[in-house]
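This briefing sets out how the parts of one chain are arranged and which residues lie inside it. The sequence and the structure are shown first.

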Amino acid sequence: GLLGHSQPSDSLLVNRMEDIRETMLELLGDEGTRFHPGVIRRIRYATNVQALWYLRGDLMAVLARVHGEASARRQVRTITDMFRGVLPRSLTSRTHALHG
């Protein structure tokens, strides 16, 4: 707060984290549940928003196998946008610079 960067409230963090988790699990669908239980488990039991951020790579890999890379990239981009405002700027600055 002192440097002009506001911290999200605890309730916002928890709600956003659960929204992100739910969306990630929905994207994996039945195919992911059946063939990639380890990824499902890691997403389900991630303890903070940063852990979910780093699980995007696992999500991308599964989605690319199931739907193809182009579709997986679009889906993961949607998830990435959900992290805006709840992560330290250092985790998202490069990603946004790469996508314009």
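A residue counts as buried when its relative accessible area is under 20%. The structure discussed here is a predicted model. At 4% relative accessibility, W53 falls below that cut-off and is therefore buried. Of the 100 residues of the chain, 35% count as buried.

**Overall architecture**

- The chain contains six helices and zero strands, and its pattern along the sequence reads α-α-α-α-α-α.
- Among contacts in the chain with a separation of 6 or more, 63% join residues that are 24 or more positions apart.

**The aromatic pair and its surroundings**

- One aromatic pair is found in a search of the whole structure.
- The pair consists of W53 and F83, with ring centres 5.1 Å apart and planes at 80°, so the arrangement is edge-to-face.
- Because W53 belongs to helix α3 and F83 to the loop between α5 and α6 (89–98), the pair ties together parts that are 30 residues apart in sequence.
- F83, like its partner, is classed as buried, because its relative accessibility is 0%.
- R56 is placed over the face of W53, at 3.6 Å from the ring centre.

**The contact of helices α1 and α5**

- The axes of helix α1 (residues 10–35) and helix α5 (residues 69–82) come within 10 Å and cross at roughly 170°.
- Angles over 145 degrees count as roughly antiparallel, and α1 and α5 are therefore roughly antiparallel to each other.
- On the α1 side, the contact is made by R16, D19, I20, T23, M24 and L27, while α5 contributes Q75, I79 and M82.
- By character, the residues of this contact between α1 and α5 divide into five nonpolar, two polar and two charged.

**A buried arginine in α1**

- R21 is located in helix α1.
- With a relative accessibility of 8%, R21 counts as buried, because the value is under the 20% cut-off.
- Leaving aside residues up to four places away in sequence, R21 touches I43, R44, Y45, A46 and L52.

**Helix α2 and its cover**

- Helix α2 spans residues 37–44, and its buried residues are G38, V39, I40 and I43.
- The cover over the buried residues of α2 includes α1, α3 (49–54) and α4 (56–67).
- I43 thus appears in two settings: I43 is buried in α2, and I43 is among the residues touched by R21.

Notes:
Residues are numbered from 1 along each chain as its sequence is written. This is a predicted model: local features need pLDDT of at least 70, side-chain atom pairs count only at pLDDT 80 or more; totals for chains, interfaces and linings use all residues. Side-chain values use heavy atoms; hydrogens and water are left out. Axes are lines fitted to C-alpha atoms, for helices over the stretch in contact, and angles run from 0 to 180 degrees between N-to-C directions. Helices (H or I, at least four residues) and strands (E, at least two) are DSSP runs, numbered from the N terminus. Angles under 35 degrees count as roughly parallel, over 145 as roughly antiparallel, 65 to 115 as roughly perpendicular and the rest as oblique. Contact means heavy atoms within 4.5 Å. Ala, Val, Leu, Ile, Met, Phe, Trp, Tyr, Cys and Pro count as nonpolar, Asp, Glu, Lys and Arg as charged, and the others, Gly among them, as polar. Buried means under 20% relative accessible area, exposed over 50%, partly exposed in between (1.4 Å probe, protein chains only). Rings of Phe, Tyr and Trp (its six-membered ring) pair if their centres lie within 6.5 Å; planes under 30 degrees apart count as stacked, over 60 as edge-to-face and the rest as tilted. A charge sits over a ring if NZ of Lys or CZ of Arg is within 6 Å of the ring centre and within 35 degrees of the ring normal.
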